[in-house]
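Open the model in your viewer and keep the selection tool ready. Each stop below says what to select and what is there.

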Amino acid sequence: FQSLLEFSLIFFQRVTYSFSSSRSSSFLYCLMKEKHPKKEKHGKDQCDIICEIRYKRHYLCFKENLLQPSNNKKSNGNTNFAFPYPGLKYITFGVHSDDHWGNPSKRLIWDPKQGIHLGVHEAMVEMMRRSGAVNASDIRIHGVAELDDATNGNLWFKPHFQPHPREMALLDIESWLRQMTNDIRRAAEKGDNQAVVSLTEEVSRLSISQFYFRGEHFPFHQMMTVYDRHLDTLIDYYSAVLGRSVRAGLEIRGLSKINKTLSDTRDVGLITFPNGNHRINTLEKADLEGEYFARHVREKLAQLPEWQKYLKEHPNFLKEAVRAPRFSNTTFGLGTIKAPGGYEWALRFLSAPPKLSSWSDPLAAFVRSDLARGDSSYGLLKYVVVTLVGDKHFYCKVETERIIYIMSAAGCHTDLYGDMGGFPPNNTGVMFVCLPADGPDAGPVLVRMLPHDYIRDWFANPKPFDWEKFLPNPV
């Protein structure tokens, strides 16, 4: 009976499935929950683990008693049972896509401590930063994949002619500011300094939010916003990620090393930046975006003392590790990654799926396309391939025998285009993909989602976040 339960658990974790968070879609959700150990009559520790599988609102519950020796060396002291293989090490990528800086529909989170608005990616990093985890020793991430549309561009649907529903008329803003000014004056006359501070902060927060609701539609200003509000604020994060990867001894090979060619723009990196369709099509395919970002981050990192020392012995490291992989002018990264003595995973980073058959299953057509067309990389599919894509603004995952497909949510909410087009509401947030260092037979690929609403609520009421449980056992 115990063997049957173990098989059932593994089957449900390895089963081929598609996950979409749209309201109309069914989904598979697995939760491993540890209860407090208790002693049996024979003196053995017993843990009750409940695996709950939810599918179309039907529930199946399994309860299994697992003997857990107290001196289990494989656990490495980890008592976290949020995942079923506590002794397994993982290679973890932070994944996000479609930031769309300049878009009025970009979701921003107010940080009262700094007095600024943050995108979901920047807000997630700030959560890490406040927990003291943004350094090479403590960070639990080995790579960052930014997949599509860092900027919004100014495409054919003319977003500047589609005002945001929360954009206020100028006369209304003027009237509101006049009222707030009077309220602040009265509070000051009463000597109510706390009210003065509170009202002033409200003016600051709401005033700048109105600029964001209007959007920034000039492509040059969008690019400058990415530099100022995204890249420059995350240099310590990028540095920590690369430092963790170096300490872990990870080996990453781009397509040029696999095929033994002199160079290949499709070479994947540990940190990758996107070339999105919005800016490219706005400028009629005459320019890119990701190449600028990668160059800027490499230059910033090269100024840090720790990397200046490392580059003396490894002069090409930053050029190979920080990239904007592309096929012509579109995000397209190919390569492999492995830990020392571990399994070599293939990586495929794309801006978007090549096809879409249904918004209720955004990856189905991609799977059928791969099955029909074979391996255009001439060799990558001899490995098990982890494919990361963006563009469609949904969390989604499909597993097949040889390819794992994972789609990232976006940094913006559903706009007029989505609502009038009848699309399911956007997923907004970031995600993490954890690859078992010993390969697919050692355990499942973990996908950890951190949605916008959770991050927003955290900044409204900060509290400890257990990154060790959320991103288990990094190499």
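The tour goes from a strand to salt bridges, then to cysteines and a surface patch.

Before starting, keep in mind that this is a predicted model.

**Stop 1: strand β5**

Select residues 90-96, which make up strand β5. Seven of its seven residues are buried. Now check the two faces. On one side sit Tyr90, Thr92, Gly94 and His96, all buried. On the other side are Ile91, Phe93 and Val95, also all buried. Both faces of β5 are therefore covered.

Add residues 429-436, strand β18. It pairs with β5 in the antiparallel sense, over six bridges. To find the register, pick Tyr90: its bridge partner in β18 is Pro436.

Next add residues 143-146, strand β8. Here β5 and β8 run parallel, joined by four bridges. Pick His96 and look across to Glu146 in β8, which stands opposite.

**Stop 2: Arg130 and Asp111**

How many salt bridges does the model hold? The count is 17. Three of them are visited here, starting with Arg130 and Asp111.

Select both side chains and show the contact between them. The closest N and O atoms of Arg130 and Asp111 are 2.7 Å apart. The pair links distant parts of the chain: Arg130 is in helix α2 (residues 120-130) and Asp111 in strand β6 (residues 109-111), 19 residues apart.

Colour by accessibility. Is Asp111 buried or exposed? Asp111 is buried, at 0% relative accessible area. Arg130 is partly exposed, at 28%.

**Stop 3: along helix α3**

Select residues 170-189 to show helix α3. Within the helix, pick Asp183 and Arg186, three residues apart, about one turn. They form a salt bridge, with closest N and O atoms 2.4 Å apart. Asp183 is partly exposed at 22% relative accessibility. That value is not under 20%, so Asp183 does not count as buried. Arg186 is partly exposed too, with 42%.

**Stop 4: Lys257 and Glu320**

Select Lys257 and Glu320. Their side chains meet in a salt bridge at 3.6 Å, N to O. Lys257 lies in helix α7 (residues 255-259) and Glu320 in helix α11 (residues 317-321), so the pair ties together parts that are 63 residues apart in sequence. Lys257 is partly exposed at 42% relative accessibility. Glu320 is partly exposed at 39%.

Now go to a network. Select Asp111, Glu126, Arg129, Arg130 and Asp236 together: salt bridges with shared partners join them into one network. Asp111 and Arg130 are the pair from Stop 2.

**Stop 5: two cysteines**

Select Cys412, which is buried at 2% relative accessibility. Then select Cys434, buried at 0%. How many disulfides does the structure hold? It holds zero.

**Stop 6: a nonpolar patch**

Switch to a surface view. Select Phe218, Phe220 and Met224. They form a nonpolar patch on the surface. Together the three have about 290 Å² of accessible area.

Pick Phe220 in that patch. Which helix holds Phe220? Phe220 is in helix α5 (residues 219-231). Its relative accessible area is 47%, so Phe220 is partly exposed. Patch members need over 30% relative accessible area, so Phe220 clears that cut-off.

Definitions and conventions: Residues are numbered from 1 along each chain as its sequence is written. This is a predicted model: local features need pLDDT of at least 70, side-chain atom pairs count only at pLDDT 80 or more; totals for chains, interfaces and linings use all residues. Side-chain values use heavy atoms; hydrogens and water are left out. A salt bridge is a side-chain nitrogen of Lys or Arg within 4 Å of a carboxyl oxygen of Asp or Glu. Helices (H or I, at least four residues) and strands (E, at least two) are DSSP runs, numbered from the N terminus. Buried means under 20% relative accessible area, exposed over 50%, partly exposed in between (1.4 Å probe, protein chains only). A disulfide is a pair of cysteine sulfur atoms within 2.5 Å. Patches are made of residues with over 30% relative accessible area and no salt bridge: like charges are joined within 9 Å, nonpolar side chains (Val, Leu, Ile, Met, Phe, Trp, Tyr) within 5 Å. Accessible areas come from the Shrake-Rupley method with a 1.4 Å probe; for residues, only the protein chains shown count as cover. Two strands pair if DSSP finds at least two bridges between them.
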